[in-house]
Amino acid sequence: MEQQTTTATPDQPAVVPAPREQKPFRLHRSRSDKMIAGVCGGLAESLNVDAGLIRIALVALTVLGFGFGIVLYVAAWFLAPEE
């Protein structure tokens, strides 16, 4: 089998996809998607996932981690700025 290589010619420039601009991760509390303090909503916005998944994971961490989820939530509540 032959391996083909593509080279750019003066008539046809090589097609290079533009790099996606990725914003840096920044934890914040959400004003619009909140139940208590907006920590889960802000984390979901930063990670680009559904806030329900974050809330379920936090409850699981609280139950299985002997209350560690609550400690993390309260710490994020005080440390994370509101958007």
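Visitor: Is Val 74 buried, partly exposed or exposed, and how should I read its value?

Guide: The general idea is that a residue counts as buried under 20% relative accessible area and as exposed over 50%, with partly exposed in between. In this predicted model, Val 74 has a relative accessible area of 34%, so it is partly exposed. Val 74 has its place in helix H3.

Visitor: Which residues join Val 74 in a nonpolar patch on the surface, and how much accessible area do they have together?

Guide: A residue is considered for such a patch if it has over 30% relative accessible area and no salt bridge. Here the patch is formed by Met 35, Ile 36, Ile 70, Val 74, Trp 77, Phe 78 and Leu 79, which together have about 840 Å² of accessible area. For the chain as a whole, the accessible surface comes to about 7200 Å², and 62% of that belongs to carbon and sulfur atoms.

Visitor: How many helices and strands are there in the chain?

Guide: The chain contains three helices and zero strands, and when it is read along the sequence the pattern is α-α-α.

Visitor: Which residues make up the largest nonpolar core, and which elements give two or more residues to this core?

Guide: A core of this kind is a set of buried nonpolar residues joined through side-chain atoms within 4.5 Å. The largest one in this structure has eight residues, namely Ala 37, Val 39, Cys 40, Ala 44, Ala 51, Ile 54, Tyr 73 and Ala 76. Two or more of the core residues come from each of helix H1 (39-47), helix H2 (51-64) and helix H3 (68-79), with H1 supplying the largest share, three residues. Across the chain, 19% of the 83 residues count as buried.

Visitor: What does Ala 51 touch, if residues up to four places away in sequence are not counted?

Guide: Contact is taken as heavy atoms within 4.5 Å, and with those sequence neighbours set aside, Ala 51 touches Asp 33, Cys 40, Gly 41 and Ala 44. In the chain as a whole, residues 24 or more positions apart account for 38% of the contacts with a separation of 6 or more.

Visitor: Asp 33 carries a charged side chain, so which residue does Asp 33 meet in a salt bridge, and what parts does the pair tie together?

Guide: The cut-off to keep in mind is that a side-chain nitrogen of Lys or Arg lies within 4 Å of a carboxyl oxygen of Asp or Glu. The side chain of Asp 33 meets that of Arg 55 in a salt bridge, at 3.3 Å from N to O. Asp 33 lies in the segment before H1 whereas Arg 55 lies in helix H2, so the pair ties together parts that are 22 residues apart in sequence. Asp 33 is itself partly exposed, with a relative accessible area of 29%.

Visitor: How many salt bridges are found in the whole structure, and which residues are joined into one network?

Guide: The search finds three salt bridges. Glu 82 forms one with Arg 31, with the closest N and O atoms 3.9 Å apart; because Glu 82 is in the segment after H3 and Arg 31 in the segment before H1, this pair ties together parts that are 51 residues apart in sequence. Glu 82 also forms a salt bridge with Lys 34, where the closest N and O atoms are again 3.9 Å apart, and this pair ties together parts that are 48 residues apart in sequence. Through these shared partners, Arg 31, Lys 34 and Glu 82 are joined into one network.

Visitor: Are Glu 82, Arg 31 and Lys 34 exposed or partly exposed?

Guide: Arg 31 counts as exposed at 55% relative accessibility, whereas Lys 34 at 41% counts as partly exposed, and Glu 82, with a relative accessible area of 35%, is partly exposed.

Notes:
Residues numbered from 1 in each chain as written. Predicted model: local features only at pLDDT ≥ 70, side-chain atom pairs only at ≥ 80, totals over all residues. Heavy atoms only, no water. Buried < 20%, exposed > 50% of the residue type's maximum accessible area, 1.4 Å probe, protein only. Helix = DSSP H or I, 4+ residues; strand = E, 2+ residues; numbered from the N terminus. Patch = residues over 30% accessible without salt bridge, like charges linked within 9 Å, V, L, I, M, F, W, Y side chains within 5 Å. Areas by Shrake-Rupley, 256 points an atom, 1.4 Å probe, with all protein chains shown as cover.
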